[in-house]
Amino acid sequence: MNICDVAIIGAGPYGLSAAAHLSAIKNLDVRIFGEPMSFWSECMPTGMYLRSNYTATEIADPHHSLTLGAYQAATGCTVSTPVPLDRFIDYGLWYQRSAVPHVDRRLVSRVATDPRGFRLTVGDTGETIYSRRVVVAAGIGSFPRRPTLFQGMPGPLVSHTSEHREFRRFAGKTVLIVGGGQSALESAALLRECGAEAEVIARSGHIHWLQGALSKTLHHRLGKTTRRLLYAPTDVGPAGVSQLVARPDLLKYLPRGVRNTLWMRCIRPAGARWLVHRLQGVPVRLGRSVVSAAISGGRVSLRLDDDSPRVVDHVLLGTGYRVDISRYGFFSPELSGRIHRANGYPLLGEGLETSVPGLHILGAPAAWSYGPLMQFVSGARYASLALSRRISRGARR
């Protein structure tokens, strides 16, 4: 019978980190499924840079040895700051070859409960694999947020930023970008650099620039020790808040309202300061929103809330993601119905375990229970360690 102790679904930073940590547990049969780094290589545009700092983009491993520095030493590749997307993908693939060489690249199409734990349907042939535990690290690819106004509109005219690997096909075209966060702003810069006529529409009255002029001055004036006290290496959140959200075990004891406030402070729409010069020449309309949209003559006809019209070749939605684990298509209806959740997020206990014993969910869906750190690569260290402790105790029992 094809059976294992733990099956991991997803081979991005969280899945790879979890596999590396769990593989260190003696006599534990761990299998991981999915194409390594696929979301990063298929759903993010060439030329993009990561917003997080250098150390916060490293994928956690149990021996702290698979760092960006080790990658550079082993491959001879140079990693600049900010970290380029393509270099991060290559680093992730190097990490996978070094720590998790046994990745099964087939996709899991179904997960259902079974007396032995869980029953997985894998690959084109529909092979059945039984696992005592399942760890879902499937990322956010299933959760792009598409405002109601644009739902049902054809892909050639309206798309989400996650649907593009490159923007060269928009050269010479007019593109309206909706959103005021990093994805929208960087997409606008890339579109302009590809020869498109780009314009950004954002509801916010201002762009929040990370590491703005005042913040940058204060940061440089702080001593090294003071900076370490105020900012955690995970690089999530402003001064002080950063240290709190880096400790999910403490954060979860705060009242829900306080946690939500801290969450919004960490993930509010923002752009990296190094984008400013790349957006020169790109109109950014703040405090505006689109109130109507229609297809007209093969283009998109829009009207803004100030009654000004726009007719463009394409609308690009930089509107982020909205977690709803029911959109993970591999859960059987019976299993999905047993997962307790809030606003689409699973309610997780110790070791990021759901209300279904033996089913764990890592990454962005864990943010409701464990805070905004789970939405960033740097959160993989906490998640992998917590998962390992929980499974290790179960294995000993």
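# Worked exercises on a predicted model

Arg278 counts as buried here, with a relative accessibility of 10%. Keep in mind throughout that the model is predicted.

## Exercise 1: Arg278

Work out where Arg278 is found and which residues it touches.

Step 1. Start with the burial call: buried means under 20% relative accessible area, and Arg278 has 10%, so it counts as buried.

Step 2. Place it in the chain. Arg278 is in the loop that runs between strand S10 (271-272) and S11.

Step 3. Look for its contacts, leaving out residues up to four places away in sequence. Arg278 then touches Gly47, Tyr49, Glu186, Ala189, Leu190, Arg192 and Glu193.

## Exercise 2: the open sheet

Find the strand order of the open sheet of five strands, then say which strands stand at the edges.

Step 1. Walk across the sheet: the order is S6-S15-S7-S8-S11, and the pairing is parallel.

Step 2. Go to the ends of that order. S6 (158-160) and S11 (284-286) each have a single partner strand, so one side of each has no neighbour in the sheet.

Step 3. Check the twist, which averages 20 degrees from one strand to the next.

Step 4. Zoom in on one pairing. S7 (residues 174-178) and S8 (residues 197-202) pair in the parallel sense over five bridges. Take Thr174 as an example: its bridge partner in S8 is Glu197.

Step 5. Add the helix. H5 (residues 182-193) lies across S7, S8 and strand S15 (314-317), and runs at about 165 degrees to S7.

## Exercise 3: helix H4

Test whether the end-to-end distance of H4 agrees with the span its 15 residues should have, then list what is buried.

Step 1. Do the length check. At 1.5 Å a residue, the 15 residues of H4 should span 21 Å; the end C-alpha atoms are 21 Å apart, so the two agree.

Step 2. List the buried residues: Leu85, Phe88, Ile89, Tyr91, Gly92, Trp94, Tyr95 and Gln96 in H4.

Step 3. Think about the spacing. An α-helix has 3.6 residues a turn, so residues three or four places apart point the same way.

Step 4. Ask what does the covering. For the buried residues of H4, the cover includes H1, helix H2 (38-42) and H3.

Step 5. Take a look at one of those covering helices. H1 (residues 13-22) is mostly covered itself, with 10 of its 10 residues buried. Among them are Tyr14, Leu16, His21 and Leu22.

## Exercise 4: aromatic rings

Search the whole structure for aromatic pairs, and classify the one formed by Tyr71 and Tyr91.

Step 1. Get the total: the search finds 16 aromatic pairs.

Step 2. Classify the pair. Tyr71 and Tyr91 are 5.7 Å apart centre to centre, with 70 degrees between the planes, and that pair is edge-to-face. The cut-off for this label is an angle over 60 degrees.

Step 3. Put the pair on the chain. Tyr71 is in helix H3 (residues 68-75) and Tyr91 in helix H4 (residues 85-99), 20 residues apart, and the pair links distant parts of the chain.

Step 4. Check burial on both sides. Tyr71 has 0% relative accessibility, so it counts as buried; Tyr91, with a relative accessible area of 0%, is buried too.

Step 5. Try another pair. Tyr328 and Phe331 are also edge-to-face, at 6.2 Å centre to centre and 70 degrees between the planes, and both residues are buried.

Step 6. Follow the ring pairs outward from Tyr71 and Tyr91: they link Trp40, Tyr71, Phe88, Tyr91 and Trp94 into a cluster.

Step 7. Finish with charges over rings. Arg116 has its charged end over the ring of Tyr130, 3.9 Å from the centre, while Arg256 lies over the face of Trp368, at 3.9 Å from the ring centre.

## Exercise 5: backbone oddities

Check the peptide bond from Thr81 to Pro82, and the phi values of Met37 and Asp235.

Step 1. Read omega: near 0 degrees from Thr81 to Pro82, and the bond is cis. Pro82 sits in the loop between H3 and H4.

Step 2. Read phi for Met37: near 60 degrees, a positive value in a residue other than glycine. Met37 is in the loop between strand S2 (30-33) and H2, and at 0% relative accessibility it counts as buried.

Step 3. Do likewise for Asp235, where phi is near 60 degrees. Asp235 is in the loop between helix H7 (224-230) and helix H8 (241-245). With a relative accessible area of 30%, Asp235 is partly exposed.

Note on methods: Residues numbered from 1 in each chain as written. Predicted model: local features only at pLDDT ≥ 70, side-chain atom pairs only at ≥ 80, totals over all residues. Heavy atoms only, no water. Buried < 20%, exposed > 50% of the residue type's maximum accessible area, 1.4 Å probe, protein only. Helix = DSSP H or I, 4+ residues; strand = E, 2+ residues; numbered from the N terminus. Phe/Tyr/Trp six-rings, centres within 6.5 Å; stacked < 30°, edge-to-face > 60°. Lys NZ or Arg CZ within 6 Å of the ring centre and 35° of its normal. Pairing = 2+ DSSP bridges. Axes fitted to C-alpha atoms, helices over the stretch in contact; angles between N-to-C directions. Contact = heavy atoms within 4.5 Å. Expected span 1.5 Å × (residues − 1).
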